[in-house]
Amino acid sequence: MSDIWWSLPLTLLVFFCARWLATKVKLTLFNPLLISVAAIIPLLLLLQMPYARYFQGSAILNQLLQPAVVALALPLYEQLHQIRARWKSIIGVCFIGSMTAMISGTAIALWMGATPQIAATIMPKSVTTPIAMAVSATLGGIPAISAICVLIAGVLGAVFGHMVLNLFKIRSKSSRGLAIGNASHALGTARSSEVDYQEGAWSSLALVLCGIITSLLAPFLFPLLLRLWQ
């Protein structure tokens, strides 16, 4: 059997059950994606099913990732009047956020003894998966591992991002959205959209701008960081 016909229905069933559970249990740790991963991985291990075979049956979900990112342009368009009025500060915030994410991730990886290939893999961790994988491949990293790093960053942001913002008493919807979009891309944006529609729009804006900034600057920044480290 070249693929698993039941993997797509299983994935959808687990995810919608996780969403239902998240609506009943009002805790940020009960993130639907996190619950789904925690449920599907043990099941695959129990069945001794290679991930590659499971993926074949649900590959359409992965193919829908890029259109889903493009769909985030709708709330972005609806906030266009605010963006025009504050475009300088928005670009500044996204530029600083992107640079911080790239430099901190790469520097920590090199400091802990990672090879340049692993450092290149980690560098684009704070942008959405399609962009991160493309940037990683350009830098000589491992795109598949970059996707995992993106997933981890997204889940952490979606679960703990609003807790941190509340801790520092950040109430502005634009500030909260830009912060989440900077740090945890599409997963954080999805969570922001659930919390507040306008916050989700600002988060989607940060997601797009940080993706552009990272893809443009990473090929120049990474060799510079390597030279400085050596």
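# A guided tour of the predicted model

A search of the whole structure finds 4 salt bridges. This tour begins with three of the pairs involved and then turns to an aromatic pair, the cysteines, a surface patch and two loop residues. The model is a predicted one, and its confidence values are best viewed before any selection is made.

## Colouring by confidence

Colour the protein by pLDDT. The mean for the protein is 85, and 95% of the residues reach 70 or more. Helix H9, residues 116-122, has the highest confidence, at a mean of 94. Helix H6, residues 73-78, has the lowest, at a mean of 69.

## Salt bridges around helix H12

Select Glu194 and Arg19. Their side chains meet in a salt bridge, with an N to O distance of 3.3 Å. This pair links distant parts of the chain: Glu194 belongs to helix H12 (residues 173-195) and Arg19 to helix H1 (residues 7-24), 175 residues apart. Is each partner buried or exposed? Glu194 has a relative accessibility of 45% and therefore counts as partly exposed. Arg19, at 35% relative accessibility, also counts as partly exposed.

Keep Glu194 selected and add Arg191. These two residues form a salt bridge as well, and their closest N and O atoms are 3.4 Å apart. In contrast to the previous pair, Arg191 and Glu194 both lie in helix H12, 3 residues apart, which is about one turn of the helix. Arg191 counts as partly exposed because its relative accessibility is 26%. With the three residues displayed together, a network of salt bridges can be traced that links Arg19, Arg191 and Glu194.

Next, select Asp196 and Lys173. A salt bridge joins them, the closest N and O atoms lying 3.3 Å apart. Asp196 is in the loop between H12 and helix H13 (197-229), while Lys173 is in helix H12, so the pair ties together parts that are 23 residues apart in sequence. The two partners can be compared by their accessibility. Asp196 counts as buried because its relative accessibility is 18%, below the 20% cut-off. Lys173 is partly exposed, with a relative accessible area of 38%.

## The aromatic pair

How many aromatic pairs does the structure hold? There is 1 aromatic pair. Select Phe15 and Phe16 to display it: the ring centres are 5.9 Å apart and the planes stand at 70°, so the pair is edge-to-face. A pair of aromatic rings is described by the distance of the centres and the angle of the planes. Phe15 counts as partly exposed, at 30% relative accessibility. Phe16 is exposed, with a relative accessible area of 52%.

## The cysteines

Select the cysteines next. The structure holds 0 disulfides. Cys149 is accordingly in no disulfide, and the nearest cysteine sulfur, that of Cys210, is 17 Å away. Such a distance lies outside the 2.5 Å within which two cysteine sulfur atoms count as a disulfide. Cys149 counts as buried, with a relative accessibility of 19%. Cys17, by comparison, is partly exposed, with a relative accessible area of 44%.

## A nonpolar patch on the surface

Switch to a surface display and select Leu27, Leu29, Phe30, Ile148, Ile152, Leu156, Phe160, Met163, Val164, Leu167 and Phe168. These residues form a nonpolar patch on the surface, and together they have about 1100 Å² of accessible area. One of them, Ile148, can serve as a point of reference within the patch. Ile148 lies in helix H11, which covers residues 143-167. Its relative accessibility is 48%, so Ile148 counts as partly exposed.

## Two loop residues with positive phi

Return to a backbone display and select Gln48. Where does Gln48 lie? Gln48 is found in the loop between helix H2 (32-47) and helix H3 (51-57). Its phi is positive, at about 55°, although Gln48 is not a glycine. With a relative accessibility of 70%, Gln48 counts as exposed.

The final selection is Lys169, in the loop between H11 and H12. Lys169 is not a glycine either, yet it has a positive phi of about 55°. The side of the loop can be inspected with the surface switched on: Lys169 is exposed, with a relative accessible area of 65%.

Conventions
Residues numbered from 1 in each chain as written. Predicted model: local features only at pLDDT ≥ 70, side-chain atom pairs only at ≥ 80, totals over all residues. Heavy atoms only, no water. pLDDT = per-residue confidence, 0-100. Helix = DSSP H or I, 4+ residues; strand = E, 2+ residues; numbered from the N terminus. Patch = residues over 30% accessible without salt bridge, like charges linked within 9 Å, V, L, I, M, F, W, Y side chains within 5 Å. Areas by Shrake-Rupley, 256 points an atom, 1.4 Å probe, with all protein chains shown as cover. Buried < 20%, exposed > 50% of the residue type's maximum accessible area, 1.4 Å probe, protein only. Phe/Tyr/Trp six-rings, centres within 6.5 Å; stacked < 30°, edge-to-face > 60°.
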